[in-house]
Amino acid sequence: MTNLQQKVYRELQEHVGAPGWCLAFSGGLDSAVLLHVLAALCRQYACPPLRAVHVHHGLQAVADDWPDHCRMQCEQLAVPFQAVFVQVGNAASTEQAARDARYAALAGQLEPGEVLLLAQHQDDQAETLLLRLLRGSGVTGLQGMPGTRPLGCGLLLRPLLQVPRRQLEEYARQHDLSWIDDPSNRSDIHDRNFLRNRVMPGLRRRWPGLDTVLQRTAAHMREAQGLLDELAAIDLQQARRQAQPDWLTLECLDLDCVRALSTARQINLIRFWLRDKTLPPDSAHWAGWQALLQAGADAQPLWQLQDGALVRHGRRLYWLPKHWQQVPADPDLPQVANGRYRLPGNGVLQVAGLHAGSLRAGYRQGGEQLDLPGRGRRDLKRLLQERQVPVFLRNRLPLLFADGQLVAVAGLPELRSAAFVGLEADWIPPR
Ligand SMILES: Nc1ncnc2c1ncn2[C@@H]1O[C@H](COP(=O)(O)OP(=O)(O)OP(=O)(O)O)[C@@H](O)[C@H]1O
């Protein structure tokens with residue numbers, strides 16, 4: 001077994017029990033080497049079934065031959081191959097759009113538990129770090145590419161991150177490999193190519209240990225990030241509250257608790273809290289956070305982020321996922337089974353009790369009235385104000401109607417007309 005094969009095998013040792021290994025195969029030098037290494041490991045050891053996937057972006061005419069090239073390489077090594085064709089959206093940066101489309105396509109075709117292998121190496125990691133430094137990244141960004149992270153229903157792994165490109169070139173020569181030379185890599189228009197082609201060679205001549213030094217920086221940043229996360233977890237535990245009203249399934253923090261922290265610590269907490277909810281704003285865009293804190297006591301300010309918004313109501317701070325914000329064009333909620341209605345974002349409204357099946361569920365349109373036992377007809381708007389239901393929620397409360405008349409408000413058991421007092425209406429949050 002060659003030195004490189006041993007290194008990769010060590011990196012993959014923890015994953016030999018996975019249901020499959022899937023190589024992201026661009027056909028370039030790095031992934032061609034990884035394909036050869038993996039095929040060799042699979043011949044020598046008990047490894048999961050190996051396959052390779054090439055993503056075709058359709059962005060440059062020369063790339064039209066690449067799926068065939070990749071297929072041939074895989075056939076020679078008896079590795080099952082698949083080409084996936086994607087449409088790249090019209091983003092400001094084609095490079096970024098291609099990367100997004102590629103990761104989405106790769107994630108989409110992973111089997112549960114399968115490991116997706118990417119061929120980024122030590123030099124790529126050094127470039128990534130320097131690029132991020134030049135773009136003003138903080139601790140999170142300066143950790144570089146992670147060696148492993150969840151992707152779709154599987155796991156993404158980069159087993160070559162400790163391997164210098166020189167070693168991959170040597171391996172390719174020794175094994176007489178052929179690979180695709182992407183002509184766009186030679187153009188210095190893109191920052192990464194400029195750095196790779198014009199800057200890194202000079203830096204490496206002056207500081208021969210540059211790549212390992214930068215690797216050490218990334219390790220320091222990972223350690224620092226770990227500590228920041230520990231602090232954020234403590235702060236989150238202190239600040240987390242049950243949403244009010246208490247049937248609400250939204251996540252919420254106590255604003256007084258958050259305010260008591262220093263600004264840097266507030267931002268650390270909010271970043272940590274939102275990590276699995278939305279892309280964090282970059283460091284230049286935290287003015288929205290200050291505006292949210294400084295708005296008057298009665299205001300209900302909202303800070304819009306990519307996949308939802310932070311909203312203040314009273315002394316609470318809510319995370320409002322996007323599907324909560326989009327008022328559907330159709331005010332009716334579709335009934336999916338007897339007494340079960342589909343809510344946006346895959347939640348379900350389950351209505352049980354008398355007449356449950358004959359009700360229509362929908363959102364407020366304005367002007368609704370409810371005939372309350374002992375109180376007579378009341379405007380829904382007033383009733384919701386009385387109960388201090390947050391403004392952001394008022395148009396998103398599922399209402400139940402019988403013969404066109406409002407008879408119950410889901411989640412607020414006291415808002416039922418006489419014949420529907422015993423009606424139960426639960427929200428089952430999206431999974
Ligand atoms: N079109 C593609 N199809 C499948 N996987 C890809 C594709 N492009 C890149 N990858 C994967 O992502 C990794 C990093 O991409 P990057 O663009 O840095 O690589 P590359 O220079 O195009 O190709 P290589 O790393 O194979 O030389 C690649 O090593 C490969 O594993």
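**View 1. Packing of helix α5 against helix α8 in the predicted model.** In this predicted model, helix α5, which spans residues 122–134, packs against helix α8, which spans residues 210–239, at an angle of about 60° and with the two axes 9 Å apart. The crossing that α5 and α8 form is left-handed. On the side of α5 the contact is made by Gln122, Asp123, Gln125, Ala126 and Leu129, and on the side of α8 by Leu210, Asp211, Leu214, Gln215, Thr217 and Ala218. Sorted by character, the residues of the contact of α5 with α8 comprise five nonpolar, four polar and two charged.

**View 2. The shell of residues around the ligand.** The ligand is surrounded by 15 residues, of which Ser26, Gly28, Asp30, Ser31 and Ala119 are the closest. Two elements, helix α2 (29–44) and strand β2 (50–56), each give two or more residues to this shell. The element that gives the most is α2, which supplies three residues to the shell around the ligand. In character the shell is mixed, being made up of six nonpolar, five polar and four charged residues.

**View 3. Surroundings of Ala24 in strand β1.** Ala24 has its place in strand β1, which covers residues 21–24, and Ala24 counts as buried because 21 C-beta neighbours lie inside 10 Å, where 20 or more are required for that class. Not counting residues up to four places away in sequence, Ala24 touches Ser31, Val53, Leu106, Leu116, Leu117 and Leu118. One of these contacts, Ser31, is also among the residues closest to the ligand. Between Ala24 and Val55, which are 31 residues apart along the chain, the separation of the C-alpha atoms is 8.0 Å.

**View 4. Leu292 in helix α11 and the residues in contact with it.** Leu292 belongs to helix α11, formed by residues 287–294, and with 19 C-beta neighbours inside 10 Å Leu292 counts as partly exposed, since the buried class begins at 20. When its neighbours within four places in sequence are left aside, Leu292 is in contact with Pro301, Trp303, Leu310 and Arg312. The C-alpha atoms of Leu292 and Leu302, which are 10 residues apart along the chain, are separated by 6.7 Å.

**View 5. Pro280 in the loop that leads from α10 to α11.** Pro280 is placed in the loop between α10 (263–274) and α11, and its 17 C-beta neighbours inside 10 Å make Pro280 count as partly exposed. With neighbours within four places in sequence left aside, Pro280 is in contact with Arg271 and Leu274. From Pro280 to Gln82, 198 residues apart along the chain, the C-alpha atoms are separated by 34 Å.

**View 6. Two residues other than glycine with positive phi, Ala78 and Gln388.** Most residues other than glycine have a negative phi. Ala78 nevertheless has a phi near 55°, and this residue is found in the loop between α3 (66–76) and β3 (81–85). Gln388 has a phi near 50°, again a positive value, and is found in the loop between α13 (380–386) and α14 (391–394). Ala78 counts as exposed because 10 C-beta neighbours lie inside 10 Å, and Gln388, with 10 such neighbours inside 10 Å, likewise counts as exposed.

**View 7. Ala104 in helix α4 and its separation from Trp427.** Ala104 lies in helix α4, which runs through residues 94–108, and with 12 C-beta neighbours inside 10 Å Ala104 counts as exposed, the limit for that class being 12 or fewer. Ala104 and Trp427 are 323 residues apart in sequence, and in space they are 31 Å apart, C-alpha to C-alpha.

**View 8. Arrangement of the domains.** The domain assignment of the protein gives three segments, with domain 1 covering 3–216, domain 2 covering 242–325 and domain 3 covering 335–428. Between domain 1 and domain 3, the C-alpha centres lie 53 Å apart.

Methods. Residues numbered from 1 in each chain as written. Predicted model: local features only at pLDDT ≥ 70, side-chain atom pairs only at ≥ 80, totals over all residues. Domains from an automatic or database assignment. Helix = DSSP H or I, 4+ residues; strand = E, 2+ residues; numbered from the N terminus. Near = placed C-beta within 6 Å. Nonpolar A, V, L, I, M, F, W, Y, C, P; charged D, E, K, R; others polar. Axes fitted to C-alpha atoms, helices over the stretch in contact; angles between N-to-C directions. Left-handed = near helix turned anticlockwise from the far one by under 90°. Contact = placed C-beta atoms within 7 Å.
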